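Here are some short exercises to work through with the viewer open. Try each task before you read its solution.

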Amino acid sequence: MLSMIVLLAACNGDQDFQALKPDIVVTPEVLDFGEVVADYSAPGTIQIFNAGLGILEIDEITINGDDGSVFTIDEVPLEVPGDSEYALALTFLPPDPLPYTATLTIHSNDEEHDTVPVTLIGTGIEAPTPDIACDSLSLDFGTLAPGGSAALWFTCTNLGDDDLYISEMVQRNSGSFFLASDPTGNVLPPGQPLQLIVVYTPTTSDGDNGTITLTTNDPDEPETVLTMVGNGGGSFEYPVAVVDCPTSAVPRETVTVGGGASYDPNGLEPLTYRWTVTGPYDDVVATQSGTDVYVQLDLAGEYRVSLQVENSIGLLSAPSVCRVDAVPEEEFHVELIWKDTNDMDLHLLNSSGTLFDGVNDCNYCNVNPEWGEIGAADNPTLDLDALASPPGVENINIDSPADDTYSVKVHYYESSGAGDVTATVNIYLYGVLEGSYSRVMSRNKVWDVAQIVWPDGYVVEDDTALYNATLRACE
Ligand SMILES: [Ca+2]
Ligand SMILES: [Ca+2]
Ligand SMILES: [Ca+2]
């Protein structure tokens, strides 16, 4: 009975109830980190004391102000028991030589002081700093037979204006990479390079990968990770190129081939893109470096679009290749190709035509004559007209030709120093390559290539000798 009375008295007493509340006391009111070299960090501490007997619950600690991001809290406590203290650790990292200030606010369950502000100040100052820069962050040794040995190197230079100190070197993964000398303890004065020679001695052909991590006093890059791969890298995952090709295309169209789905399995991004576009004659027609590539399909035939992506440490993906087949839409499509700096001209004559007559010979000086019925469908058009490329590409098209027999001719207009040049003519009828012919020509010669009988759609090659043009422009 006695113990029950004591218990009731303890619970009901007003003064005892007060004592179970938390009571927050924070010092200092202003935390000054002093002067700190820009890009270096300095620690600071705020004491949170709970002078009450109830548990102090910390709801949130915020840092506000324009400079809020230069001050960070290491770890926020959930609660501080009665009559005890928590040391709140902070870090000040000035990015520039400027003064910084922000307000830290502690939100708690202390009803009388539910928010307690602390002013944070600090000044960034200018001072010499080291700056590590390596010429490459990866070495790929390619293929090497077991028992063989090869050496490659990284060159890391101190681009800063204070000494660069290499405090630690850690090598991980495959032991087939051997660092010729341990750089630990090296001090590089400003401007000084350091060669890190790596010798690769594979014991199997399964592939190897490894890293070297350098720890230095570079303030904004305390660790530099260098990656080595050999014999395909073994378990190493290279970046992956993914190309997205259009399913159909027509000559003279510009198509977009996308590389945006490419990725790096290790997240070593951004990627850089290396595109190579090869035309129907195995010529490289474009090399580009954007995420997407734009391919002008001058010719009918197959274009190969190849993409390799490079990750942020300089390792290349295997190439990914897609094919775009440019198929003429017109029923009648004739193209002329040459690969020198000279100027050749494609001519298409109807059965009434003579070379350079201004009506019945479609060419550079008569690009879209009216033939056949009234209307454009059966008229020829010189759609691509090249003066001097190389490569030169010209083509003449008819959507739906009138019944007739047509003649294809080539005139070597001007040499521009090119001398004898091979001309190639491809004849596509109803979207199908029906004939491909080549001749070596010299200046002012005319080549009678073939005759095309319409609507049968067959091609008769003309094997007569080249002859000199008597005219060089339309009459
Ligand atoms: Ca740096
Ligand atoms: Ca021409
Ligand atoms: Ca017509």
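**Exercise 1: A loop residue**

Task: decide whether Ser 400 is buried, exposed or partly exposed.

Solution. In this predicted model, start by counting: Ser 400 has 16 other C-beta atoms within 10 Å. Next, compare that with the cut-offs, where 20 or more means buried and 12 or fewer means exposed. The count falls in between, so Ser 400 is partly exposed.

Now place the residue: Ser 400 sits in the loop that links strand 29 with strand 30 (404–414). Setting aside neighbours within four places in sequence, its contacts are Glu 331, Ala 377 and Asp 378. Finally, look further along the chain: Trp 454 is 54 residues away in sequence, and its C-alpha atom is 10.0 Å from that of Ser 400.

**Exercise 2: A covered strand**

Task: find out how many residues of strand 26 (residues 343–349) are buried, and which way they point.

Solution. Begin with the count: seven of the seven residues in strand 26 are buried, which leaves the strand mostly covered. Then sort them by direction. Asp 343, Asp 345, His 347 and Leu 349 point one way, while Met 344, Leu 346 and Leu 348 point the other way. This fits a general pattern: in a regular strand, side chains alternate between the two faces of the sheet.

Last, identify the partners. Strand 26 runs antiparallel to strand 30 and is joined to it by seven bridges, with His 347 opposite Lys 409. Strand 26 also pairs with strand 27 (residues 361–362), again in the antiparallel sense, over two bridges; here Leu 349 faces Asp 361.

**Exercise 3: A five-stranded sheet**

Task: work out the order of the strands in the open sheet of five, and name its edges.

Solution. Reading across, the order is 28-29-25-31-32, with antiparallel pairing. The edges are strand 28 (381–384) and strand 32 (432–441), each of which pairs on one side only. Neighbouring strands are turned by 20° against each other on average, direction ignored.

For a detail inside the sheet, take strand 25 (residues 332–338) and strand 29 (residues 392–398): seven bridges join this antiparallel pair. One of the matches is Glu 335 with Asn 395 in strand 29.

**Exercise 4: The whole chain**

Task: how does the radius of gyration of the protein compare with that of a compact globule of 475 residues?

Solution. The globule would come out near 23 Å, but the protein has 39 Å. Then check the extent of the C-alpha trace, which spans about 130 × 60 × 50 Å along its principal axes. To finish, note the make-up: two helices and 35 strands, with 33% of the 475 residues buried.

Conventions. Residues are numbered from 1 along each chain as its sequence is written. Chains are lettered from A and ligands numbered from 1 in the order in which they are written. This is a predicted model: local features need pLDDT of at least 70, side-chain atom pairs count only at pLDDT 80 or more; totals for chains, interfaces and linings use all residues. Two strands pair if DSSP finds at least two bridges between them. Helices (H or I, at least four residues) and strands (E, at least two) are DSSP runs, numbered from the N terminus. Axes are lines fitted to C-alpha atoms, for helices over the stretch in contact, and angles run from 0 to 180 degrees between N-to-C directions. The radius of gyration is taken over C-alpha atoms; the globule rule is 2.2 Å times the number of residues to the power 0.38. Two residues are in contact if their C-beta atoms, placed from the backbone, lie within 7 Å.
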